[in-house]
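Here is a short report on side-chain contacts. It covers rings, charges, cysteines and a surface patch.

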Amino acid sequence: MSRLVITTPDKAQTAVEGLYRDLERRIVASQPGLCPVDLAASFLKLCRAQTCGKCVPCRVGLAQLDTLLEDVLEHRATLQTLALIEKTARVIVETADCAIGWEAAGMVLRGVRGFREDYVEHIVNGRCTCSLNQPVPCVSLCPAGVDIPGYIALVADGRNADAIRLIRKDNPFPASCGYVCEHPCEARCRRNMIDKSINIRGLKRYAADHAGEVPVPACAAPTGKKVAVVGAGPGGLSAAYYLSLMGHKVTVYEKQPLPGGMLRYGIPSYRLPRKKLQEDIDSILSAGVELKTGVDVGRGLPIADLTQQYDAVYIAIGAHSDKKLGIPGEESRGVVSAVEMLREIGNGRNPDFSGRNVAVIGGGNVAMDVARSAVRLGASRVGIVYRRRQQDMTALPEEIEGAIGEGCELLSLHAPSRIESDQEGNVCALWLKPQIIGKIDSAGRPSPRNADVGELSFPCDLVVVAIGQSIEYEPFAEFGVPVRRGAIQAKDSARVENVANLFAGGDCASGPATVIRAIAAGKVAAANIDNYLGFNHEITTDVEIPKPDFSNRPPCGRVNMTFRPAGERRNDFEPIEYGMTCEEATQEASRCLRCDHFGYGVFKGGRIAKW
Amino acid sequence: MVNILINGTAFQAQDDATILEAAAAAGVSIPTLCYLKGINEIGACRVCVVELEGTDRLVTACNNKVTPGMSIRTNSPRVREARRTNVELILSQHDCYCATCARSGNCSLQSMANDLGILDLPYRRELPYSPWNMSFPLIRDFSKCIKCMRCVQVCDRIQGMGIWDVANTGSRTTVDVSYNRRIEDSDCTLCGQCITHCPVGALRERDDTEKAFAALADPNTVTVVQIAPAVRAAWGESLGLPREKATVKRLVSALRQMGFNYIFDTTFSADLTIMEEGSEFLERLKTRGDNPLPMFTSCCPGWVRFVKSQYPELTRQLSTAKSPQQMFGAVAKSYYAQLLNLEPERICCISVMPCIAKKHEAALPCMNSAGTERDVDVVLTTREVDRMIRAEHIQAKDLPEEEFDTPLGAGSGAGVIFGATGGVMEAALRSAYYLTTGKNPDPDAFRKVRGMEGWKEARFDLNGTPLRVAVVSGLGNTRQLVESVLSGKVSYDFVEVMACPGGCSGGGGQPIHEGEEPAGERAKNLYGLDQHSKIRFSHENPAVLRMYSDYMEKPLSHKSHELLHTDHQLWDMPLSPALADRENKTPEKTEW
């Protein structure tokens, strides 16, 4: 034996490392509706294998817990078993020598407390209340329930126009979503089990970019009913589109001079080209939707006028008001909100930031949007100030990377403490308190606190506050619409209590969320307004979906989106993202596992052909 | 046409054919287990897998279609290994105690395992267990279920009821009553279609043959048995009798050998039903202002359970006439007991029915017109009576044909066709015509309501009164019809409903044939019998007429109301989940 040797992983260890990665991906692809007790038992089996075997609670206790959980699952347990599970897990948490034991038992304990009723159901009735009724992960995670395997198959077949028609059955904003959707559909894509989720948003954008002009379907026979929609954002226009297809006469009222809502007044054109947004809006209006812009419902036009003149009213005003920082100096000249700044840009009045130093406060996507817009408006220095760490930011990682690439400076772990202004009242600096990251709160996010170092200043002449939006609910509250925690209270059917023909949804009811959730809310509202008006129109499509092929679907890298070079794109508001090429789109689409046909989808819920 | 290769030989397949269909057309048989054409094409058992050239994994033949140039191997070493392994895996969780299984000899899994020559299992046997209410007419055995999902699909897609659903998750996934209900608390109509579509013995009727044998063994009991119309078209199938041998007279002979004292025909009480229900309909037609139309037939207990659970508000539109089974029971324990000069308590009334729901109907507390607790004491399905014949080692094919006993053994051709969809309507129209005009129509004048179509409608002229009638079978079709009636899209005066597709000839208590829907064939048999009957009108059944003159007076008389009619509101039926939800309305969630 040599005194020291260089260790290299052996074949078994290498294989196990591969299996760890497989398991990680598999957990990512876990579909909703699984039995939590069964999962807890499975996790525990992994933990059992990890114990080093030195200490009693971990070596013996985890094994005994495993047996007890099996008893629960096999309907051999009593409620005393549950008490024993809880006690044993607690003792392991308290007495295990290292995290292998205490964290393993902690998971069991958190489960017993988090889904106790599932344990009880197994023990008492010998069955599980969970059921796997969402067989196609992407579709079930899309708030609007878009037929994703269907349109991916159509893209693979080169039938982009049919793909757009299929998407429009559930979402009338295929182009906009192709550019800016947050794609929750990709999160649990079953393809993760093999390699990586499908680039669903990229494929949707490809379809939208290559479909040409796709006419909307014919509207149902006129019903004679009139519906008013307040707000021409994605939610309001979606509701208007479907209601119009159902044969109702729809008028949309918009406060701003142009329609689009946050798609226009929140998202800069380098992410969503105005031409693309206009394509969606034009299609929606072509279904017979009447649009009245520049009308301030609530202030200019009384809400009562609408509820009296129309058979139903849908409120989809979004969240277009800003939130205040609450620090000294906030009233200084040169402190603006992100909403204000983006609204100006949306209306085509691009301010000139040449030579200006800009501090952006916030860590969300809106903060990135204003920072990157500031760069494009000529700012000489843009700093993004955020009190936690970069990884804690709520903005999408690619947005943060994009901002950094375009020259924005990230001042993470810095909390704004006050704004300093010169004698004229103009901002001259933002003062920051350095932070230290601390304990993880109950929501799983680490809390920052003031670090033991002094304040420092970020010299600037413009501060943009991007710490969230609020809802201008006041006129609606005065009208009698219930409001809670600053949001309009609507039921899950979009109905509003107190007023029979009033419906509400989207950001103004849920608080600031995503485009696709607003669209989904519009869809829900359209269906329920239709029923409220005494109809049951069905929205469907005659697009035939290609049958799945038998290709082997070997592991294959995911086609990611590519971007214009940062140095070039930072100078204009032109689109920054390149669309997929035909070769890329075909390859990416062929990676789809067609969960609508293979697996549970062929049995139940694989396709919702109409709603 | 598509050019394909099957096991190296070139064939042309239909464009839209599945691999399974293309292979079958080419004379190559691919075994299947869960597959049920048009109903269950989910590739769950993975027994029909084939090898495709150029494809790494095996694919199921049942739900994948041929493509040009496809080269299919149906018996390659990989296919053989996979098929056998998957059957072994199914067997590892299946109660293979075949000797005591109702489906032994008629079990797809048993024949599959036998065909594959599986003599030993490499896997440990792990039988799932879950308790079940063994007194319910429908029995499910979790240790025999192979999770093919056929019952779920038949109940959802054909019957539109959704009683069965996938339960539990992960490897403990099984099939159970939906919404975590117990079967007795569910709105199961007891149509029994899940039983006749189960490939194994996981679903069956409650076995009441021992009760029948016990009655036969009791010297103080007089056994009176009735044979339903549809039974005569099917009873010989599982005994291996050719159709011409499997006559009802040979069944009479078999039952007599078993020792039944009096063997009668439910067609007698079918004719009686026509007299009562037909007269009731003509009354309702006259008073249509007070009585909402359509009037619905009430002879199918699956349909009665359906209407009470799905559309309780329509219960009052059911004919108040009892079903033929219950009319027979009431007559047997009153009129006939009197004829025999017997205490009704001494009579054990047994019925042979193509139906599971009849077991429930006979047990309803209101079906007790003679004060003996129940008018019909034991209900046997066609399958059960076949089991009794086998248990007695009666060689049915060698028996002579024998006549029914009198007087309750006399039936008309109109009574016989009760066993097929449209038959009740046709029989009723034949007699309604006579009752209105005083003369007989051509017995085939109403043939428009015959046939296996799920929803048929016809218009007739009844002595100047236009009559709109509809005939529906299968509960999925029934729901469509009822919805259309309620929304005013259609309008009828009289509607016949049968819960089972094709009517009683396709009933849930009939012999089971894997992958076949024999209702149509059996119905043809019944219509043939009608065609050759001497009497083809219910109102000409001499035994019925005699009973009216001697005992019941006339249709809708006080006596007949007492014995032959019922109030469908007298018993409770669990509501459908949608209605139950509406009743205990929970407030809407306020979260998005």
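What follows walks through the side-chain contacts of this predicted model.

**Aromatic pairs**

The count of aromatic pairs comes to 20 over all chains. One of them joins Tyr253(A) and Tyr310(A) edge-to-face, with 6.3 Å between centres and 85° between planes. Tyr253(A) sits in strand 2 (residues 249-254) of chain A, and Tyr310(A) in the loop between helix 15 (303-309) and strand 4 (312-315), so the pair ties together parts 57 residues apart in sequence. Tyr253(A) is buried, at 6% relative accessible area. Tyr310(A) is buried too, at 9%.

In chain B, Phe264(B) and Tyr336(B) also form a pair. Their ring centres are 5.0 Å apart and their planes meet at 90°, so this pair is edge-to-face. Phe264(B) belongs to strand 11 (residues 262-265) of chain B and Tyr336(B) to helix 10 (residues 324-340), so the contact ties together parts 72 residues apart in sequence. Phe264(B) is buried, with a relative accessible area of 0%. Tyr336(B) counts as buried at 3%. Both rings belong to a cluster linked by ring pairs, together with Tyr262(B) and Phe328(B).

**Charges over rings**

Tyr310(A) has a second partner: Lys226(A) lies over its face, 5.2 Å from the ring centre. In chain B, Lys308(B) lies over the face of Trp571(B), at 4.5 Å from the ring centre.

**Salt bridges**

How many salt bridges does a search of the whole structure find? The search gives 89 over all chains. Three of them are listed here.

| Salt bridge | Closest N to O |
|---|---|
| Arg569(A) with Glu406(A) | 2.5 Å |
| Lys37(B) with Glu21(B) | 2.6 Å |
| Arg450(B) with Glu426(B) | 2.6 Å |

Take the salt bridge of Arg569(A) with Glu406(A). Arg569(A) lies in helix 22 (residues 566-569) of chain A and Glu406(A) in the loop between helix 18 (397-405) and strand 9 (409-411), so the pair ties together parts 163 residues apart in sequence. Both residues, Arg569(A) and Glu406(A), are buried.

Next comes the salt bridge of Lys37(B) with Glu21(B). Lys37(B) is in the loop between helix 1 (19-25) and strand 3 (49-52) of chain B and Glu21(B) is in helix 1, so the parts tied together are 16 residues apart in sequence. Lys37(B) counts as exposed at 56% relative accessibility. Glu21(B) is partly exposed at 28%.

The third salt bridge joins Arg450(B) and Glu426(B). Arg450(B) sits in the loop between helix 14 (423-437) and strand 15 (455-462) of chain B, while Glu426(B) is in helix 14, 24 residues apart. Arg450(B) is buried at 14% relative accessible area. Glu426(B) is buried at 0%.

A network of salt bridges links Asp38(A), Lys45(A), Arg48(A), Asp66(A), Glu70(A), Glu74(A) and Arg172(B).

**Cysteines**

The search finds zero disulfides over all chains. Cys138(A) is in none; the nearest cysteine sulfur, from Cys595(A), is 6.4 Å away. Cys138(A) counts as buried at 11% relative accessibility. Cys219(A) is partly exposed at 35%.

**Nonpolar surface patch**

Leu23(A), Ile27(A), Phe43(A), Leu46(A) and Met107(A) form a nonpolar patch on the surface, with about 390 Å² of accessible area together. Helix 1 (11-28) and helix 2 (36-50) of chain A are the elements that give two or more residues to the patch. Leu23(A) is placed in helix 1 of chain A. Leu23(A) counts as partly exposed at 34% relative accessibility.

Definitions and conventions. Residues are numbered from 1 along each chain as its sequence is written. Chains are lettered from A and ligands numbered from 1 in the order in which they are written. This is a predicted model: local features need pLDDT of at least 70, side-chain atom pairs count only at pLDDT 80 or more; totals for chains, interfaces and linings use all residues. Side-chain values use heavy atoms; hydrogens and water are left out. Rings of Phe, Tyr and Trp (its six-membered ring) pair if their centres lie within 6.5 Å; planes under 30 degrees apart count as stacked, over 60 as edge-to-face and the rest as tilted. Helices (H or I, at least four residues) and strands (E, at least two) are DSSP runs, numbered from the N terminus. Buried means under 20% relative accessible area, exposed over 50%, partly exposed in between (1.4 Å probe, protein chains only). A charge sits over a ring if NZ of Lys or CZ of Arg is within 6 Å of the ring centre and within 35 degrees of the ring normal. Patches are made of residues with over 30% relative accessible area and no salt bridge: like charges are joined within 9 Å, nonpolar side chains (Val, Leu, Ile, Met, Phe, Trp, Tyr) within 5 Å. Accessible areas come from the Shrake-Rupley method with a 1.4 Å probe; for residues, only the protein chains shown count as cover. A salt bridge is a side-chain nitrogen of Lys or Arg within 4 Å of a carboxyl oxygen of Asp or Glu. A disulfide is a pair of cysteine sulfur atoms within 2.5 Å.
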